[in-house]
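This briefing presents a structure together with its sequence. The points that follow are grouped by topic for use at the bench.

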Amino acid sequence: MAGFATRKLYSKGALLYRNRILCQALRMASSGMNVAAFQKDKAYVDGKWVSAKSGKTFEVTNPSNGKVLGSVPDMDRSDAQAAIETAYRTFQAWKSTLPKERSDILRRWFELCVKHKKELATLITLEMGKSFPEAEGEIAYSANFLEWYSEETRRTYGDVTPPPAHNKRVMVIKQPIGVAAMITPWNFPSAMLTRKIGAALAAGCTVVARPAEDTPLSALALCELAEQAGVPPGVVNVITSSRENASPIGKELCENPLIAKISFTGSCAVGKLLLSQCANTVKKTSMELGGNAPFIVFDSADVDKAIQGLMFAKFRVTGQTCICANRILVQEGVYDKFVQALAKVIDSQLKVGDGFEPGVTQGPLINKRAVEKVENLVNSSVGEGAKVVVGGSRKDGPGNFFNPTLLRDVTTEMSVAKEEIFGPVAACIKFKTEDEAIAIANSTSYGLASYFYTNDISQSYRVSEALEFGMVGVNEAAITSPETTFGGWKESGLGSEGGKYGINEYLAFKNICYGIQHKA
């Protein structure tokens, strides 16, 4: 799942900027702001705010303190069916709207997100926990997808191809594929939705989306702005459910013949299950399924720049992104220097706490299960010989906090090097040669993001071409944006999002061959 491109979070010069923004946010929050207008307690179907048919609800909590923020409908499979039928009915009209009409709506939606960025960011910090500056960064990133696809709407060009015979003319056109179902994660509750919905609406598709049970409020807030932007009733439908109802709803989205497309961002295990459930109806799918990103530092690298890049690639969103650096591979010539310098930067630049507190860069993990997973990975690694340089334990007090952690003497056989950590743990592995680094980097079933630092131009070409990953950062950690393609190789996924290719995921290609009669 993607990060946003800002380096302000971890540079010393940003402290005053960060504190100023946070203080403003706190003043706005304490004065009421407009957050209450965006915090919904209903799902959104056919342009209406609706409850679950059963009347059931579930609570949304703040991971920083465990306090209940509110309740939303706990919908089930029958609610999903109703939303799908609505989206299918609406598709019959929406698919015929002019690209310019869809472009104008998406543009207005983008402008409204920018206008209300503080309210939207506040909801993200409340329900997901990331620091307020990071939440604001996500809203900027999120809105930019709507802007990007408002422009791409008018560029779904087809082709006129050379004819195979004198009496034939051939063209290829692109048409909206149909109703698109979306299942989005909690770590970017706004951006992962707009990256999918923006492309779908631009293509002329309608949408049924199910946000993560941890973070439904951000998705519902986007619906409020979509309505204000002029998105017609039934074009965007968001259904909410607890963890218990997630599986049956997912099954309905995959098996319902009215759904033409599934887009999922989440774990490999769930993605594989959804793929199997889509088989009977042969749905078009795009899957963004996690990673085990290597971050390689060669002897020739500028160590300070590599550390700056690692701080962004590892510790943004408290390490809870699918493209976070997971295995830190450092060549033996600079290994000790790198670890020592990194420890100092972690100590001086990272602060753990509630996302609204001034100076905080590391919010909570999303829930208790996440804390337990990270703690177990650290403890098992230490038991197998790794050494804790910084951190290594939970933060005292309430909330799902884990202290930023640096491990050295990690080996490739340890669980922390094999599993996706999804937490603030930098696990450093020593290597000797370029070939060894490439072999270690590629020795995983994942293939999403990768990073390496070198000042050897030939090495930069060799390694970038040898890495088996859909995205490679060369002396750069901020590798994603609306303009670029986001997607993985191997078990990290299918298809792509963002960039000029993302809209094709929601378009069907049609070959039209005309037989013509020549004049006698």
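Two strands are taken to pair if DSSP finds at least two bridges between them. By that criterion strand S14 and strand S15 (residues 405-408) form a pair, since three bridges join them and they run antiparallel. The model discussed here is predicted. The record in UniProt, an unreviewed entry, places the feature "domain: Aldehyde dehydrogenase" at residues 49-512.

**Annotated span**

- Helix makes up 40% of residues 49-512 and strand makes up 20%.
- The C-alpha atoms at the two ends of this span lie 42 Å apart.

**Seven-stranded sheet**

- An open sheet is built from seven strands in the order S14-S15-S16-S13-S12-S17-S18, with mixed pairing.
- Its edge strands are S14 (387-390) and S18 (471-474), each of which pairs on one side only.
- On average, neighbouring strands of this sheet are turned by 25° against each other, direction ignored.
- Within the antiparallel pair of S14 and S15, Val388 stands opposite Leu407 in S15.

**Three-stranded sheet**

- Another open sheet consists of three strands in the order S5-S6-S20, and its pairing is antiparallel.
- Strands S5 (159-161) and S20 (507-515) each have a single partner strand and stand at the edges, so one side of each is left without a neighbour in the sheet.
- The average turn between neighbouring strands of this sheet is 20°, direction ignored.
- Three bridges link S5 with strand S6 (residues 168-176) in the antiparallel sense.
- Asp159 stands opposite Val172 in S6.

**Largest pocket**

- The largest pocket holds about 1,000 Å³ of space.
- Its lining comprises 36 residues, and those nearest the centre of the pocket are Trp186, Arg243, Gly266, Ser267 and Val270.
- By character, the lining residues divide into 18 nonpolar, ten polar and eight charged.
- Helix H9 (243-255), strand S10 (259-265), helix H10 (268-278) and helix H13 (368-383) each supply at least two residues of this lining.
- H9 gives the most to the lining, with six residues.

**Aromatic pairs**

- The structure holds eight aromatic pairs.
- In one of them, the ring centres of Trp186 and Phe422 are 5.7 Å apart and the ring planes stand at 85°, so the pair is edge-to-face.
- Trp186 lies in the loop between strand S7 (179-183) and helix H7 (191-203), while Phe422 lies in the loop between helix H14 (415-418) and strand S16 (425-431); the pair therefore ties together parts that are 236 residues apart in sequence.
- Trp186 thus appears under two topics, as it is also among the residues nearest the centre of the largest pocket.
- S16, which borders the loop of Phe422, is also one of the strands of the seven-stranded sheet.

How values were computed:
Residues numbered from 1 in each chain as written. Predicted model: local features only at pLDDT ≥ 70, side-chain atom pairs only at ≥ 80, totals over all residues. Heavy atoms only, no water. Helix = DSSP H or I, 4+ residues; strand = E, 2+ residues; numbered from the N terminus. Axes fitted to C-alpha atoms, helices over the stretch in contact; angles between N-to-C directions. 1 Å grid on protein atoms, 1.4 Å probe; cavity = no way out; pocket = protein on both sides within 12 Å on 5 of 7 lines; lining within 4 Å. Points joined across faces, edges and corners; volume = space filled by probe spheres on them. Nonpolar A, V, L, I, M, F, W, Y, C, P; charged D, E, K, R; others polar. UniProt positions renumbered as here; feature names shortened; annotations may be inferred. Phe/Tyr/Trp six-rings, centres within 6.5 Å; stacked < 30°, edge-to-face > 60°.
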